[in-house]
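Q: I'd like to learn how to read a structure like a bench person would, one feature at a time. Could you walk me through this one?

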Amino acid sequence: MSENICISVSHSRGTSHYLINRFKKRYFALAAASVLVLAGSGSYSVYSLYEESQLSSKQLNVLNKQSRHLMASLSEESEANRALRQELEEKRAELALLTQRIDDVEAVLGVNGEDGEDMSLQARVDSAAVSSAVRATLFRLIPNGSPTPDTRMSSRYGSRVHPVTGKQKFHHGLDFSARIGTPIYAPADGIVEVVRSGNKGYGNFIRLNHSFGFTSSYSHMSKFNVKRGNYVNKGDLLGWTGNSGLSTGPHLHYEIRFLDRTLNPRLFVEWTPDNFESLFEKENKVQWASLLEMINNMVSMQVQLTQTPRYNPTLQTANNLAEQHSDGDQVQVSKL
Ligand SMILES: [Zn+2]
């Protein structure tokens, strides 16, 4: 058997023959095997890379999806955030407006100029509400303003020469010059205590009994619009002016009494919310401080009653103390 391998290669110029001996044959086989191994491992590497590439591509898709989802969420979040910020701004503006209005109300009421800075908004509202309610109550229940608007005061309260008798006499009321038939309105809520017709002295006469010891009376009237025992509100029509009784001309004689002592009606006629303090400063026959305290207590209770229940630290502390005391008792009992 030949030791050689003959390889024939045909080409255009004929055929060439190559003889490969045994050693060369082995070498050739080794080389061919190496090429095959290299080709195999190369193919495997290419396949592995392809697999990895496919996996990466899938992962990239997933990541892209997640990214898109996150972007959408972020967009929603920032939209919600913007809406919340806008709402917050609106609330801040409302709060500023409310604070300004409370400042205005306090300025009108003349309360809490300095203390107001340290008080909570709720406390300031409460305080303003109480002050406002106290005023409203006072201007409802205590005579104020003119009983015959748009008429001229013709004779003041105090010592004077009586126009009919010519004698020096104390004038206990305030006269309004008013043509017969001028309407007379109640200057505060009250009850009609006296309705009396007459040709002497005060003539046709009405007396209203108001709260807190005040009365008001109307003399020389021409006609009545109320009866004894009627309850009247401030502004109700009592009757009309006239010239009855001891009178030199058509006018209304208006008196205000406190515990049956006459007061200067002019202070009450000129008493308005704009000069709230004036009456208390000028009229010293009434214990105003005591009256104001009473009304303040009354309306404070009403304001609290109309509020929704909220946290009360004083009450909370009292409850805690009660609980602690209760626990203490239990400990003592268990020790015994
Ligand atoms: Zn008079």
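Q: Let's start with D189: is it buried or exposed?

A: D189 counts as buried, because its relative accessibility is 15% (buried means under 20% relative accessible area, exposed over 50%, partly exposed in between, with a 1.4 Å probe and protein chains only). Before we go on, some ground rules: this is a predicted model, where local features need pLDDT of at least 70 and side-chain atom pairs count only at pLDDT 80 or more, while totals for chains, interfaces and linings use all residues. Residues are numbered from 1 along each chain as its sequence is written, and side-chain values use heavy atoms, with hydrogens and water left out.

Q: Which residue forms a salt bridge with D189?

A: The general idea is that side chains of opposite charge can pair when their charged atoms come close. Here the rule is a side-chain nitrogen of Lys or Arg within 4 Å of a carboxyl oxygen of Asp or Glu. The partner of D189 is R140, with the closest N and O atoms 2.9 Å apart. R140 lies in helix α2 (residues 121-141) and D189 in the loop between β7 (183-185) and β8 (190-196), so this pair ties together parts that are 49 residues apart in sequence. Helices (H or I, at least four residues) and strands (E, at least two) are DSSP runs, numbered from the N terminus. Unlike its buried partner, R140 is partly exposed, at 38% relative accessibility.

Q: How many salt bridges are there by this rule?

A: The count comes to eight. Another one joins E89 and R92, at 3.1 Å from N to O. Both of these residues lie in helix α1 (residues 22-109), three residues apart, or about one turn of the helix. E89 is partly exposed, its relative accessible area being 47%.

Q: Which residues are linked in a network of salt bridges?

A: Look at E255, R257 and D260. Between E255 and R257, the closest N and O atoms are 3.1 Å apart. Their surroundings vary: E255 is buried at 2% relative accessibility, R257 is partly exposed at 24%, and D260 is exposed at 61%. D260 sits in the loop between β13 (251-258) and β14 (261-263), and has a positive phi of about 70° although it is not a glycine.

Q: Where does F212 lie, and what is its phi?

A: You'll find F212 in the loop between β9 (204-209) and β10 (214-224). Its phi is positive, about 60°, and again this is not a glycine. F212 counts as partly exposed, at 25% relative accessibility.

Q: On to the rings. How many aromatic pairs does a search of the whole structure find?

A: A pair of aromatic rings is described by the distance of the centres and the angle of the planes. Rings of Phe, Tyr and Trp (its six-membered ring) pair if their centres lie within 6.5 Å; planes under 30 degrees apart count as stacked, over 60 as edge-to-face and the rest as tilted. The search finds 13 such pairs. W271 and F276 have ring centres 6.3 Å apart and planes at 25°, so they are stacked. Both W271 and F276 are buried. F280 and W288, by contrast, are tilted, because their planes are at 55°, with the centres 5.1 Å apart. F280 is buried at 16% relative accessible area, and W288 is buried at 5%.

Q: Which residues form one aromatic cluster?

A: The cluster consists of F139, F214, F258, F268, W271, F276, F280 and W288.

Q: What sits over the ring of F276?

A: The test is that NZ of Lys or CZ of Arg is within 6 Å of the ring centre and within 35 degrees of the ring normal. For F276, the charged end of R135 does this, 4.0 Å from the ring centre. K223 likewise lies over the face of W240, at 5.3 Å from the ring centre.

Q: Last one: which residues does UniProt mark as a "transmembrane region"?

A: The unreviewed UniProt entry places that annotation at residues 27-50. UniProt positions are given in the numbering used here, feature names are shortened, and annotations may be inferred rather than shown by experiment. In the model, residues 27-50 are 100% helix and 0% strand, with the end C-alpha atoms 34 Å apart. The same unreviewed entry type also gives a "coiled-coil region" at residues 71-108; that span is 100% helix and 0% strand, and its end C-alpha atoms lie 55 Å apart.
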